[in-house]
Amino acid sequence: MKIKIKEKVYDIEISETGEGKVKIMVNGKEFIFGEEEKEKISVAQTTLPKRDFSKKEIRAPVAGTVSKIFVKEGEFTKKNQKILILSAMKMENEIISENDSRVKEIRVKENQQVYADDILLVLE
Amino acid sequence: MRILSFKELPSTNEKAKALARKKIVPWLVLSAKEQTAGYGKKKVFWFSPKGGLYFSIILPKSQIEDLQTLTILAAFIVAKTLKDNFSLEPLIKLPNDVLLNGKKICGILTENVIGEEVKSSVIGIGLNTNIDKFPKELENTATSLKIELGKKVDNEKILKEIIQGLKKQLATISD
């Protein structure tokens, strides 16, 4: 079979090798696809950087007003990253992330009043 | 008492927070003769020209409840310092504004960094001491010791008294 891509013509031959694999010849060059490729992909996936995805909630350390939120749902956060500011009396509390994680859910809005121990964010 | 004095800083709290991020040196004081970007709660601008007393203290690691109590007590300490030294009758507007003749003379702001526990805390105090004049938009709401007393006061002496007072108070409320 011949395929023309732009102005170049490729001579392509597809056949089965009999071991559950497919052999594709392109202009005399041999490419074999099958289970081995699948294995290669799964190896690649497991080599992604490891993160601690254990579920964690950030709770209000004191009662106050959420004056600023610096993150969005779905965002990855790094250790020591500023998450939000909780204003309480004359204290401004900068709440930071303790681990590399992802913001699963934000349960508060800016200017919302919260009680001590209320869940502000859920991380994973 | 270790005091780092600066001729000018954008904000003593910002400088103290930056230092505390690297290392907590409890009771290290940073003072500036002038702040170019002084602020109070919610980053509201704090008028900080030469003559005033602007300082921040890196606090020892404490429980959040103790820090809240200390912040409120700071207003009482400032008021007491003014009363003892100048026979003035300051009024504390809770949680922690100090007023003289109905006008603000002092602002206090504590800033904490909190993870699973309190990582660092700084308390910043701006006291209108030797300020001659306020801009038009502030002259009805702010005053200074110099305006009230008609004379200059000793910033260094006041600074030391307030720090001693805070140290004593934190020792009584915290383990």
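How many residues of chain B are in contact with chain A, and how many residues of chain A are in contact with chain B? In this predicted model, the contact involves 22 residues on the side of chain B and 15 residues on the side of chain A.

A helpful way into such a contact is its area. The size of an interface is often given as the accessible area lost when the parts come together. Here, about 1,800 Å² is buried between chain B and chain A, and 57% of this lies on carbon and sulfur atoms. Within chain B, the residues that lose the most area to chain A are B:Lys41, B:Gln68 and B:Ile114, which together make up 30% of what that side buries.

Polar links can be considered next. Eight residue pairs are in polar contact between chain B and chain A, counting pairs with both residues at pLDDT 80 or more. Two elements of chain B, helix H2 (64–86) and strand E6 (103–114), each give two or more residues to the side that touches chain A. Strand E6(B) provides the largest share, with seven residues. By residue class, this side of chain B holds eight nonpolar, six polar and eight charged residues. The count of salt bridges between the two chains is one: the side chain of B:Lys119 meets that of A:Glu98, with 3.0 Å from N to O.

Strand E6(B) also takes part in pairing across the chains. Its partner is strand E9 of chain A (residues 91–96), and the two run in the parallel sense over five bridges. Within this pairing, B:Glu111 of E6(B) has A:Glu92 standing opposite.

How values were computed: Residues are numbered from 1 along each chain as its sequence is written. Chains are lettered from A and ligands numbered from 1 in the order in which they are written. This is a predicted model: local features need pLDDT of at least 70, side-chain atom pairs count only at pLDDT 80 or more; totals for chains, interfaces and linings use all residues. Side-chain values use heavy atoms; hydrogens and water are left out. Contact means heavy atoms within 4.5 Å. Buried area is the accessible area (1.4 Å probe) that two parts lose on being put together, summed over both. A salt bridge is a side-chain nitrogen of Lys or Arg within 4 Å of a carboxyl oxygen of Asp or Glu. A polar contact is a pair of N or O atoms within 3.5 Å; within protein, one must be able to donate a hydrogen and the other to accept it, and residues adjacent in sequence count only if both atoms are side-chain atoms. Helices (H or I, at least four residues) and strands (E, at least two) are DSSP runs, numbered from the N terminus. Ala, Val, Leu, Ile, Met, Phe, Trp, Tyr, Cys and Pro count as nonpolar, Asp, Glu, Lys and Arg as charged, and the others, Gly among them, as polar. Two strands pair if DSSP finds at least two bridges between them.
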